[in-house]
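Here are my notes on this one, as promised. Have the viewer open while you go through the points.

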Amino acid sequence: MRIACPYCGLRDVQEFAYAGDSCPQRPDGPDATEGVMFEYVYLRDNSHGIHEEFWYHAAACNAWLVVRRNTLTHAIDSVFPVKDRKAGTES
Ligand SMILES: [Zn+2]
């Protein structure tokens, strides 16, 4: 798999570190009960299809990226810096 870093161009996936699902939103305030936090930290859907993930370009520019890809085909729809992500955006 190759990822098109917005700063470095198309690079091999070995230059990147996978950093998890980008969709869960951290509970805050009175909504952050023990059960809700457990679910946020430990429980993930094993989705198939389009999925947004955090990736870190560790071997080059050190950018944190959001990669939107199909988990069945590994086809990448889009790659953009985390800083450009709108708050509250989910897949
Ligand atoms: Zn890069």
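**Notes on the side-chain contacts**

1. Start with the metal. The zinc ion is held by Cys 5 (SG), Cys 8 (SG), His 57 (ND1) and Cys 61 (SG), at 2.1 to 2.4 Å. Keep in mind that this is a predicted model. The angles among the 4 donor atoms run from 104 to 115 degrees, and the site is tetrahedral. For reference, the ideal angle for four tetrahedral donors is 109.5 degrees.

2. Along the sequence, the donor residues of the zinc ion follow the spacing C-x2-C-x48-H-x3-C. Are Cys 5 and Cys 8 buried or partly exposed? Cys 5 is buried, because its relative accessibility of 4% is under the 20% cut-off. Cys 8, at 26%, counts as partly exposed.

3. On to charges. The structure has 5 salt bridges. One of them joins Arg 68 to Glu 52, at 3.5 Å from N to O. This pair links distant parts of the chain: Arg 68 belongs to strand β5 (residues 64-70) and Glu 52 to strand β4 (residues 50-56), 16 residues apart. Glu 52 is buried at 5% relative accessible area, while Arg 68 is partly exposed at 23%. Arg 85 comes in here too, since Glu 52, Arg 68 and Arg 85 are linked in a network of salt bridges.

4. Have a look at Glu 53 and Arg 69 as well, whose side chains meet in a salt bridge at 2.7 Å, N to O. Again distant parts of the chain are linked, with Glu 53 in strand β4 and Arg 69 in strand β5, 16 residues apart. Both residues, Glu 53 and Arg 69, are buried.

5. Asp 84 and Lys 83 also form a salt bridge, at 3.4 Å from N to O. Here Asp 84 is partly exposed, with a relative accessible area of 47%, and Lys 83 is exposed at 66%.

6. Now the rings: there are 3 aromatic pairs. Why is the pair of Phe 38 and Tyr 42 tilted? The planes of the two rings are at 45 degrees, so the pair falls between the limits of 30 and 60 degrees; the ring centres are 5.1 Å apart. Both residues lie in helix α1 (residues 34-42), 4 residues apart, about one turn of the helix. Tyr 42 is exposed at 60% relative accessible area, and Phe 38 is partly exposed at 47%.

7. Tyr 56 and Trp 64 make another tilted pair, 4.8 Å centre to centre with 35 degrees between the planes. Tyr 56 is partly exposed at 23% relative accessibility, as is Trp 64 at 44%.

8. One last contact: the charged end of Arg 44 sits over the ring of Tyr 40, 6.0 Å from the ring centre.

Methods
Residues are numbered from 1 along each chain as its sequence is written. This is a predicted model: local features need pLDDT of at least 70, side-chain atom pairs count only at pLDDT 80 or more; totals for chains, interfaces and linings use all residues. Side-chain values use heavy atoms; hydrogens and water are left out. Rings of Phe, Tyr and Trp (its six-membered ring) pair if their centres lie within 6.5 Å; planes under 30 degrees apart count as stacked, over 60 as edge-to-face and the rest as tilted. Helices (H or I, at least four residues) and strands (E, at least two) are DSSP runs, numbered from the N terminus. Buried means under 20% relative accessible area, exposed over 50%, partly exposed in between (1.4 Å probe, protein chains only). A charge sits over a ring if NZ of Lys or CZ of Arg is within 6 Å of the ring centre and within 35 degrees of the ring normal. Donors are N, O and S atoms within 2.8 Å of the metal (3.2 Å for Na, K and Ca); water is not among the atoms, so sites may look incomplete. Four donors count as tetrahedral if all angles lie between 85 and 135 degrees; four count as square planar and six as octahedral if opposite donors are over 155 degrees apart and all others between 65 and 115; anything else is irregular. A salt bridge is a side-chain nitrogen of Lys or Arg within 4 Å of a carboxyl oxygen of Asp or Glu.
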